[in-house]
Structure formats: C-alpha cells, structure tokens
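User: I'd like to go through this protein with you, one question at a time. Can we start once the structure is up?

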Amino acid sequence: MKISFIGYGSMAESLSSRWVGKHELFVAGRDSSKAQSLAHQLAQGTKAGSPVEAAEFGEVIVLATPHQAVFEAMEAGGGSEAFANKILLDINNPVDPSNGNYLTQTYDGVSLSEAIAAYSPKAKVVKAFNMCQAKVWQMEQPNFDGRRLVTLYCGDDTDAKRQVASLIEDVGSEPVDLGELKYARLLESAAAIVIKLLFSGRDPYTVLNLIQPEVKPIS
C-alpha cells in the first residue's frame, strides 16, 4: 500500500516506524528539511517531498499535522480535488490543552473528521489512531493487562475501512469498526478524556481499552 504522511510530528514518526518495510511511504510537510530527516531516519525507500507530491503518491493520506493545521495542509496538498478517491486517515483530535480546555472543538456541531469529509467530499475519510499518545504506537505489541489494544475506527466507505483495519493489524492492535463517520464525534470525545489524563500527569502509555470478555458456554 502507498501511504503518504502530511506532517512529520511524533504521531507520524511512530506510525511510519511501524509501517516502514511493509508499505511504500512518503513524508511531506511545510518544512522540507524535517520531512527529509524523517524519511532518512526511516530509510527502506521512504520518499519525501511536497504536500502536492504526497497527495499524488499516496493511496492512503495520513493527516498528521496539529488539528489546527489540517485544512491548511490539505490546501497545500492541492485542495479538495487532490484527495478525490483517496483514503484520508484522520488521526487528529480537536482539543487545545494549552488553555486548560479539554473539551473537543466542533465544526458546526460535527467532528473534525466530518468537516474534512465536507471539505473533500470525493475522499474516503476514516477516523483511527486518535485515542493514544504516540509512544503507544511505538510498542512492538501494544498489550495492556494481558489484552491486545483495541483500535476503534469509523468511516462511511467499506473498502477504505477494510484497508485501514489492515494498517491497525500491522501495528499489532485489534481493529474494531465503530460504524459510520458520524461516530468520529465519540472517538474525539473519548480521546479528550485520555488527553486530559495525560496532561494531569498520567503515564504516556495511559489508554482506554475495550474489554471484550470471552463468553463461555454453559455446560
């Protein structure tokens, strides 16, 4: 699979480090030297270039900028039409902890993911990977209390979700489909709980994990 990252922060570094060697990767951002640095760090044929080149290259485009810069980054990538028929993987959370407010920002009552889909209606937007700190995605096997980490995801396109589910499997996590893209509102709010805990001093590996007990047949 061809995966482009628009953005080169900690989440891009963590996820790309788990996908390198399994997929073709491309890194882009406003600072080309930082994009080149991450590509060099990953090696194994990882390419770097402009946001426009990233949009052209990727079958999956990971929006890995701060949430405030998502739409600016998409404009830099060529605007709405540049992402037509692409899978747009939104890993962001519209939360600004710097002012002590951990409530999610909405876009006329909808989630960031839905706003992205409205901006680029021909794209296939999927929300995933937003509920953990970047260090969690660096774990070889993200297990907590003996249970594999569950990664919830949602979107409106079945095939796009299938491909994102395979990327979740690639990092050693268990994909669980939450349903349509409108449920990104729940994922962003749930992530805000984790973010508040992290900024309150909790360990960076703090997660909310879905516990699915095994149902044993009655003998």
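Analyst: Sure, and a quick rule comes before anything else: rings of Phe, Tyr and Trp (its six-membered ring) pair up if their centres lie within 6.5 Å, and planes under 30 degrees apart are stacked, over 60 edge-to-face and the rest tilted. Keep in mind that this is a predicted model.

User: By that rule, how many aromatic pairs does the count come to?
Analyst: Take the ring rule from above and apply it here. The count then comes to seven aromatic pairs.

User: What kind of aromatic pair do tryptophan 19 and phenylalanine 129 form?
Analyst: Their centres are 5.6 Å apart, which fits within 6.5 Å. The planes sit at 80° to each other, and over 60 counts as edge-to-face. So the pair formed by tryptophan 19 and phenylalanine 129 is edge-to-face.

User: How many residues apart are the two in the chain?
Analyst: Tryptophan 19 is in helix H1 (residues 10-19), while phenylalanine 129 is in the loop between strand S6 (124-127) and strand S7 (143-144). The pair links distant parts of the chain, and the two are 110 residues apart.

User: Is tryptophan 19 buried or exposed?
Analyst: Buried means under 20% relative accessible area. Phenylalanine 129, its partner, has 1% and counts as buried. Tryptophan 19 has a relative accessible area of 0%, so it is buried.

User: Which residues form one aromatic cluster?
Analyst: Two of them are the pair we just looked at, Trp19 and Phe129. With the other two included, the cluster is Phe5, Trp19, Phe129 and Trp137.

User: What about tyrosine 102 and phenylalanine 199: which kind of aromatic pair do they form?
Analyst: Centre to centre they are 6.2 Å apart, with 55° between the planes. That angle is neither under 30 nor over 60 degrees, so the pair falls in the remaining class. Tyrosine 102 and phenylalanine 199 are tilted.

User: Where is phenylalanine 199?
Analyst: Tyrosine 102 is in the loop between strand S5 (87-90) and helix H5 (112-119), 97 residues from its partner. As for accessibility, tyrosine 102 counts as buried at 19%, whereas phenylalanine 199 counts as exposed at 55%. Phenylalanine 199 itself is in helix H7 (residues 184-199).

User: Which residue's ring has the charged end of lysine 2 over it?
Analyst: The charged end of lysine 2 is 5.4 Å from the centre of that ring. The ring belongs to phenylalanine 57.

User: Now for charged pairs. How many salt bridges does the structure hold?
Analyst: Side chains of opposite charge can pair when their charged atoms come close. In this structure, the number of salt bridges is eight.

User: How many residues apart in sequence are the parts that glutamate 81 and lysine 122 tie together?
Analyst: The two side chains meet in a salt bridge at 3.4 Å, N to O. Glutamate 81 lies in the loop between H4 and S5, and lysine 122 in the loop between H5 and S6. So the parts they tie together are apart in sequence by 41 residues.

User: Is glutamate 188 buried or exposed?
Analyst: Glutamate 188 lies in helix H7 and forms a salt bridge with lysine 127, which is in strand S6. Their closest N and O atoms are 2.7 Å apart, and lysine 127 counts as buried at 0%. Glutamate 188 has a relative accessible area of 2%, so it is buried.

User: Which residues are linked in a network of salt bridges?
Analyst: Lys127 and Glu188 belong to it. Adding the remaining member, the network links Asp90, Lys127 and Glu188.

User: Which helix holds both arginine 162 and aspartate 159?
Analyst: These two form a salt bridge, with the closest N and O atoms 2.6 Å apart. They lie three residues apart, about one turn of the helix. That helix is H6.

User: What is the phi of glutamine 44 near?
Analyst: Most residues other than glycine have a negative phi. Glutamine 44 has a positive one, and its place is in the loop between helix H2 (32-42) and strand S3 (47-49). Its phi is near 50°.

How values were computed. Residues are numbered from 1 along each chain as its sequence is written. This is a predicted model: local features need pLDDT of at least 70, side-chain atom pairs count only at pLDDT 80 or more; totals for chains, interfaces and linings use all residues. Side-chain values use heavy atoms; hydrogens and water are left out. Helices (H or I, at least four residues) and strands (E, at least two) are DSSP runs, numbered from the N terminus. Buried means under 20% relative accessible area, exposed over 50%, partly exposed in between (1.4 Å probe, protein chains only). A charge sits over a ring if NZ of Lys or CZ of Arg is within 6 Å of the ring centre and within 35 degrees of the ring normal. A salt bridge is a side-chain nitrogen of Lys or Arg within 4 Å of a carboxyl oxygen of Asp or Glu.
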